[in-house]
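Colleague: Please take a close look at one part of this model, the place where two helices cross, and then set it beside the way the domains meet.

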Amino acid sequence: MTARQQPQRPKPPSSRAGEEIVEAVLAAAETVIDEDGLDRFTTSRVVERAGVSVGSLYQYFPSKESILAELARRLERRTQHRIIEILAGSTGDLLEHTAGQIIDVLLVGIGGLEFRRALRRAVPQGWIEDTASEVDLAVRAQLAGELARRSDVRTGEHALMAWVIGHAIEGAIEAAVLVDPELARSAPFRAELVELVTRYLRK
C-alpha cells in the first residue's frame, strides 16, 4: 500500500464482543507504538499484545494502516472533547490560563508527544480529512462562542478570530512536533505560544 492510498475504514462491530475486540486492538496498537516505535509496528505485535486472534483483528481491520488511521481519528476526537471541556469550564479563568491549558492538550496532553509524532508521520492528513474537518468545525464554533463571551477579548469577528488563532497555533505545534520535538517539549516554546494567543486576542 502506498502512502497515497487511503486504507479501508474498520468494520463497525455489531456485538459487545466485537466492540471489546476493537478496543483491545486499538489499545494494544497504542502500546506497541509507545513501547516499540513505529518502525516495529506490525499486526503480529498488536495481536500478541491484545490477546486476540489474527482472524479477529482482520475481521475489523483490513490492514495495519487501517489501525493507524483509526488511532489518528480517535486522537482527533479525544483532543476535540478535551478542548471543548476546557472552554466550557473556563468561566472566570484568565485568558493566559485557558490558552495554556489548550496548548498543553495540543502539545502532549492526549497520548503523549511521541505517540502524536508517530501518528503524524504514519498517517497522511488525507486519510482522516473528514474527521479532522469535523473536529475543526466543532472546536472553532466553541472557541468563537467563548471569545464572544469574554470581557477581556477585543471586539471583532469572533469566528474569524477563532479560525486565525486556531490554525496559527496548530501550525506552529505541528511543525515543532514533527521537526523539533525537543522544542515542542520546552517551556519557552509553550510560553511563546501563550503569548501569541493572548497578544492577538486581548482587548
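Modeller: In this model, which is predicted, helix H7 (residues 129-149) and helix H8 (residues 158-179) have axes that come within 8 Å and cross at roughly 120°. Angles of 65 to 115 degrees would count as roughly perpendicular and those over 145 as roughly antiparallel, and H7 and H8 are therefore oblique to each other. The handedness of the crossing of H7 and H8 is right-handed. On the H7 side the contact is made by Asp136, Arg140, Leu143, Ala144, Leu147 and Ala148, while H8 brings His158, Ala159, Met161, Ala162, Trp163, Ile165, His167 and Glu170 to meet them. Sorted by class, the residues where H7 and H8 touch comprise nine nonpolar, two polar and three charged ones.

As for the wider setting, the domain assignment divides the protein into domain 1 (9-62) and domain 2 (71-201). Between the C-alpha centres of domain 1 and domain 2 there is a distance of 29 Å, and the contact draws ten residues from domain 1 and eleven residues from domain 2. Together, domain 1 and domain 2 bury an area of about 930 Å² between them, with carbon and sulfur atoms giving 56% of that area. On the side of domain 1, Arg9, Glu30 and Leu38 account for 52% of the area that this domain buries against domain 2, more than any other three residues.

Notes. Residues numbered from 1 in each chain as written. Predicted model: local features only at pLDDT ≥ 70, side-chain atom pairs only at ≥ 80, totals over all residues. Heavy atoms only, no water. Axes fitted to C-alpha atoms, helices over the stretch in contact; angles between N-to-C directions. Helix = DSSP H or I, 4+ residues; strand = E, 2+ residues; numbered from the N terminus. Parallel < 35°, antiparallel > 145°, perpendicular 65-115°, else oblique. Left-handed = near helix turned anticlockwise from the far one by under 90°. Contact = heavy atoms within 4.5 Å. Nonpolar A, V, L, I, M, F, W, Y, C, P; charged D, E, K, R; others polar. Domains from an automatic or database assignment. Buried area = accessible area lost by both parts, 1.4 Å probe.
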